[in-house]
Structure formats: C-alpha cells, structure tokens
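Hi,

Here is the structure I promised to pass on. Have a look at it first, and then read on for what turned up in it.

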Amino acid sequence: MEGRRVIVSALQFACTDDVSTNVATAERLVRDAHSKGANIILIQARLFEGYYFCQAQREDFFQRAKPYKNHPTIMRMQKLAKELGVVIPVSFFELANNAHYNSIAIIDADGTDLGLYRKSHIPDGPGYQEKFYFNPGDTGFKVFQTKFAKIGVAICWDQWFPEAARAMVLQGAEILLYPTAIGSEPQDDGLDSRDHWKRVMQGHAGANLVPLVASNRIGKETVLTEHGTSEITFYGNSFIAGPTGEIVATADDKNEDILVAEFDLNKIKAKRHSWGVFRDRRPDLYKVLLTLDGSQP
C-alpha cells in the first residue's frame, strides 16, 4: 500500500491576558511549526486568546465571547493557513444569541473554514467553573475532512471520555486532537493530574489505533474572583501519541515548545483494520451506554 504521510504538531506556550499578544505568539509558533514540515498544527490551550477565566464566576467575563461569523482570530488564522498551506483548529469563546459555547473552528490548508465543534462535556469544580459560562455543546462529535487527513477534534474535558474518542474514530477520524487548559487544583496543592491526563489519552490512541495530539498551556495565571484571587499553574506536558498509545514527542511543564511527529496514515489504517477491534465490536450490547445510571434502557 502506498504511504500517505502527514506531519502533525502540538504547540505549547504561556498565555497573557492580552488577545493581540497571544494571537501573535500563536502565529509565530504556527510559522515555526510549518518550517519544521508540519501539515496539521494544534495551537496550545483552548481559549488561547487570554487567561483561563473560568477560575472565577464573573459577569464581565461574558464580554470575552464573540460570534462565530467574522470572528477576528478565526479570520486571521484563515489567512495564515492559506499562506502556509496548513490545517489549524482555532479555539474560541463563542456567543450565539443568548447561548455561549467553548468552540473550535477547523481551518483547512486553503483557508476554508470547515465548520464548528462545540465542547460537549462541561466541568464544574474549584478553579474550573465552566458551567457558569458554557452551554453544553449541541454539535455532537464531528470529523473534518482536511487536505491531509480526516481529523476529530474535541476540547479539554472531552478528553477524559472514551466514548468521545470512539465516536470520532467510528466516523472515520484518522487523527484525534485535543486542545487543553489543565494544571494545578486550587483546592488541593498536592493533586497533580498530569500523568493521569496523559495515560487516559494514550488509551484513546491505543484503543482506536490512531495518532493523538494534545496541546496544553504553561505558566501561572492569577484571576480575581468573587472571593479574592485564584491561581492555577498550568503544567504543559503537551504530547503526541502514536497508534498504540506510545508517546512519540512530549514537552516539559515550563517551556514554550513545538512538537512534531510524522505518521504514515495508510500503514496505520492497515494495522487498525487487521487488529480487529472495529470488526469485533458489538453495538447491540452497548445500549447501557445510553443511560446515566447503568440501567437497561
């Protein structure tokens, strides 16, 4: 079988709370990734335009949301993608009438906007109070046919759910991508989830026999809340996993980085088909997954 090679990249950097600075940093790193041969480039951190504001429940932070149509950062990345001939998923805080979503637009290598995914799973806990801001996504899990590959893109908390990964690969995703913002836990200084975080996604790659790209931010961010200040140190550790779950590239927890890895998608496809996990599936037995409490539907 003739090879079909693609080079994927994960970007990692610290965000400021200034949109123009962060977008300029993202563009600089996209250009650097392109110079390393990357075809599909995942910008670190969903909501990379500013600080991770969900540490607080503040009405004024809703002003950060913008409509999908004519979104300035998406439009800038469309121009960049077309110039460089690369695929760029672009995360943003979406305003849709009276609804708000944690969304991502998929920009193809010719600058075309292929469509939108809205984050499905919305967490709520100390430091990560997303239910205050985001409606649960209504797009369902989607796959986007780009110039280089069919990609499935989900967002942060989605990465903890094997059902999401399997749903995207069942629809033909050849690569899974997860932009992320995760770090320390304000309520528990001793809790460090980085290894757990990586192992879960390595499992998605191995269970579905697809490469996986995870990008996380770094740096310490302090946000004024209704009860004082809240602080999260984002632990980076962005990585790229291969189709057996093996980590082929990884970043540390402090430094800006550009990860790249090359995969032969036809070779991986042949292995995925011969391994039999999709041949031997039993959807007729999985109806319990449609329930919350494990009862028979």
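To start with a puzzle: which side chain of opposite charge is nearest to D108, and how far away is it? Before the answer, a word on the source: this is a predicted model, in which local features need pLDDT of at least 70 and side-chain atom pairs count only at pLDDT 80 or more, while totals for chains, interfaces and linings use all residues. Residues are numbered from 1 along each chain as its sequence is written, and side-chain values use heavy atoms, with hydrogens and water left out.

Now the answer: it is K147, 7.9 Å away. D108 has no salt bridge (a side-chain nitrogen of Lys or Arg within 4 Å of a carboxyl oxygen of Asp or Glu), and yet D108 is buried. For charges, Lys and Arg count as positive and Asp and Glu as negative, with His and the chain ends not counted. Buried means under 20% relative accessible area, exposed means over 50%, and partly exposed is in between (1.4 Å probe, protein chains only). You'll find D108 in the loop between β4 (99–107) and β5 (113–118). Leaving out residues up to four places away in sequence, D108 touches A81, V86, V87, L114, Q145, T146 and K147; contact here means heavy atoms within 4.5 Å.

The three-stranded sheet

The strands on either side of that loop belong to an open, antiparallel sheet of three, ordered β3-β4-β5. Helices (H or I, at least four residues) and strands (E, at least two) are DSSP runs numbered from the N terminus, and two strands pair if DSSP finds at least two bridges between them. β3 and β5 are the edge strands, each pairing on one side only. From one strand to the next, the twist averages 30°. α2 packs on this sheet and touches β3, β4 and β5, its direction making about 160° with that of β3. Those angles run from 0 to 180 degrees between N-to-C directions, with axes as lines fitted to C-alpha atoms, for helices over the stretch in contact.

How many residues of β4 are buried? Nine of the nine, so β4 is largely enclosed by the rest of the structure. A99, Y101, S103, A105 and I107 point one way from β4, while H100, N102, I104 and I106 point the other way.

β3 and β4 run antiparallel and are joined by nine bridges, with A96 bridged to A99 in β4. The two form a hairpin with two residues between them. N97, in that turn, has a positive phi of about 55° although it is not a glycine, and its relative accessible area of 74% makes N97 exposed. For context, most residues other than glycine have a negative phi.

On the other side, β4 and β5 pair over four bridges, again in the antiparallel sense. I104 is partnered with Y117, and S103 with R118. This hairpin has five residues between its strands, and G111 in the turn has a positive phi of about 90°.

One residue to look at here is Y68, in the loop between β2 (40–42) and α2 (72–84). Y68 is partly exposed at 25% relative accessible area. Setting aside neighbours within four places in sequence, its contacts include F92, E94, A105, D113 and G115. Y68 and G115 are 47 residues apart along the chain, with their C-alpha atoms separated by 10.0 Å.

The six-stranded sheet

There is also an open sheet of six strands with mixed pairing, in the order β8-β9-β10-β11-β14-β15. β8 (143–145) and β15 (247–250) stand at the edges with a single partner strand each, so one side of each has no neighbour in the sheet. Here the twist averages 20° from one strand to the next. β9 (residues 150–153) and β10 (residues 175–179) pair in the parallel sense over three bridges, and V153 stands opposite L177 in β10.

Another positive phi in a residue other than glycine, near 60°, belongs to N237. N237 lies in the loop between β13 (228–235) and β14 (239–241), and at 8% relative accessibility N237 counts as buried.

The cores

Which residues touch the most other members of the largest nonpolar core? They are I40, I151, I175, L176, L212 and I240, in a core of 63 residues. A nonpolar core is a set of buried Ala, Val, Leu, Ile, Met, Phe, Trp, Tyr and Cys residues joined through side-chain atoms within 4.5 Å. Apart from that core lies another, of 26 residues, including I7, M77, L80 and A105.

Enjoy looking around!
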